[in-house]
Amino acid sequence: MSGISTATTDNFVQGLTFNTSDGVFSLTQGDTGSLVSPETVDLDGRYLTSADIVSLTNSVTTNTTNIAANTTNIATNTTNIATNVTDIATNTTNIATNTTNIATNTTNIATNVTDITAARSGVAANTAAIVLLNSSFHSTQVRTMTDITSITIGNPSDTNPNQFGGEVDLLTVSGISGNADKVCLDFMVVGEWSSDEFAKGLCIARYKLTGGSYAAETIIRGAVDGTSVRIITPFVISSHFANVDSTLESAAGRVVDSDTDAGETYRYRIVLLNSSGIGGDFRLNKTRNTGSTPGLEIGLSILTAQEFY
């Protein structure tokens with residue numbers, strides 16, 4: 001070419017090559033020197049291959065599926081959020097209701113405590129009443145007219161109540177439990193002494209069941225004071241001092257025995273006492289005169305025992 005020297009053509013492109021294995025496109029100049037950098041270009045690193053396109057297509061498909069799934073999840077979560085908001089509102093209402101119920105229950109508890117306190121007082125009262133109602137009651141009521149004779153002066157020993165002849169077998173109560181806290185004994189003995197009724201009285205003997213039979217254990221009576229006859233109460237007459245054949249005399253009273261032993265069984269019996277040394281005969285439930293006219297009265301004698309727990 002006219003006007004172009006060899007020196008000026010040294011930088012002209014003399015050849016082009018493309019390596020299909022690595023995708024590199026190369027240029028060569030006339031003097032085999034270096035062209036303006038770069039003289040090679042890696043086309044494989046800049047443009048997609050068919051494999052890359054397939055991979056990218058698959059990724060797009062997967063992402064599209066994931067986006068659809070996420071869209072569904074978002075819709076579900078939105079519904080759940082709406083449900084939760086409703087539940088929160090409901091729970092808030094329930095909390096308010098429960099708060100009111102707690103206040104009501106607190107008031108009811110206070111009322112119940114008051115009622116329980118009152119009920120306990122009632123139970124205590126009822127228990128006392130039940131104990132009273134359940135107390136065992138033992139009694140003997142005698143109409144028989146009989147003579148107890150030759151009652152001499154003195155204090156019988158605890159283990160021999162009939163030492164001076166005053167035991168009244170008819171006025172006996174048995175089977176009293178020693179488990180009772182107290183035993184209340186009520187008595188009224190009616191009859192007429194042969195003399196000196198003002199110097200007569202009575203006491204009560206207590207027996208314990210031992211080996212299948214009752215044995216005298218003690219006598220309930222007044223305290224020891226020398227040789228004074230120890231009685232519970234004297235016999236009295238309504239009028240006619242020194243009358244010894246037509247006016248009934250009586251001795252009545254109540255004593256409480258609290259000295260029994262749990263698990264034991266007891267008997268109580270009236271014992272007549274003579275403190276004058278004379279007139280030692282007693283007719284139970286009848287005047288000394290055995291006639292049947294209106295003025296010659298017939299009486300009734302009793303002895304009771306009530307257990308209290």
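**Exercise 1. The lining of the largest cavity**

Sort the lining of the largest cavity by class: how many residues are nonpolar, how many polar and how many charged?

*Solution.* Step 1: keep in mind that you are looking at a predicted model. Step 2: list the lining, which consists of I151, T152, G154, P156, P161, F164, G165, G166, V271, L272, L273 and N274. Step 3: sort these residues, counting Gly as polar and Pro as nonpolar. The result is seven nonpolar residues, five polar ones and no charged ones. Step 4: add the volume, which is about 30 Å³ for this largest cavity. A search of the whole structure for cavities of 30 Å³ or more finds one.

**Exercise 2. Strand β13**

V271, L272, L273 and N274 from the cavity lining lead us to strand β13, residues 265–274. Is β13 mostly covered or mostly open, and how many of its residues are buried?

*Solution.* Step 1: count the buried residues of β13, which are eight of 10, and the strand is therefore mostly covered, with buried meaning under 20% relative accessible area. Step 2: look at its pairing with β6, which is antiparallel and has six bridges. Within β13, Y266 stands opposite I176. Step 3: turn to β8, residues 200–210, which pairs with β13 in the antiparallel sense over nine bridges. Two bridge pairs to find on screen are R206 with Y268 and G201 with L273.

**Exercise 3. The other partners of β8**

Which strands besides β13 pair with β8, and over how many bridges?

*Solution.* Step 1: start with β9, residues 213–220, which runs antiparallel to β8 and is joined to it by seven bridges. One pair here is I204 with I220. Step 2: follow the chain from β8 to β9 and you pass through a hairpin with two residues between the strands. G211 in that turn has a positive phi of about 60°. Step 3: add β10, residues 233–234, paired with β8 in the antiparallel sense over two bridges. There, P234 stands opposite G201.

**Exercise 4. T210 in a covered strand**

How many residues of β8 are buried, and is T210 buried, partly exposed or exposed?

*Solution.* Step 1: for the strand as a whole, nine of the 11 residues are buried. Step 2: T210 is found in this strand and has a relative accessibility of 45%. Step 3: compare that value with the cut-offs of 20% and 50%; T210 lies in between, so T210 counts as partly exposed. Step 4: look across to Y266, 56 residues away along the chain from T210; their C-alpha atoms are separated by 9.5 Å.

**Exercise 5. The largest nonpolar core**

Which residues have the most contacts inside the largest nonpolar core, and which strand gives the most to it?

*Solution.* Step 1: the core has 27 residues, and Y268, I270, L272 and F282 have the most contacts inside it. Step 2: the elements giving two or more residues to this core are β6, β7, β8, β12, β13, β14 and β15. Step 3: β7 gives the most, with five residues. As background, nonpolar side chains in soluble globular proteins tend to be buried together.

**Exercise 6. Two cysteines**

How many disulfides does the structure hold, and are C184 and C203 buried or exposed?

*Solution.* Step 1: the number of disulfides is zero. Step 2: C184 has a relative accessible area of 9%, so C184 is buried. Step 3: C203 is buried too, with a value of 0%.

Notes
Residues numbered from 1 in each chain as written. Predicted model: local features only at pLDDT ≥ 70, side-chain atom pairs only at ≥ 80, totals over all residues. Heavy atoms only, no water. Buried < 20%, exposed > 50% of the residue type's maximum accessible area, 1.4 Å probe, protein only. Helix = DSSP H or I, 4+ residues; strand = E, 2+ residues; numbered from the N terminus. Pairing = 2+ DSSP bridges. Disulfide = S-S within 2.5 Å. 1 Å grid on protein atoms, 1.4 Å probe; cavity = no way out; pocket = protein on both sides within 12 Å on 5 of 7 lines; lining within 4 Å. Points joined across faces, edges and corners; volume = space filled by probe spheres on them. Core = buried A, V, L, I, M, F, W, Y, C linked by side-chain atoms within 4.5 Å.
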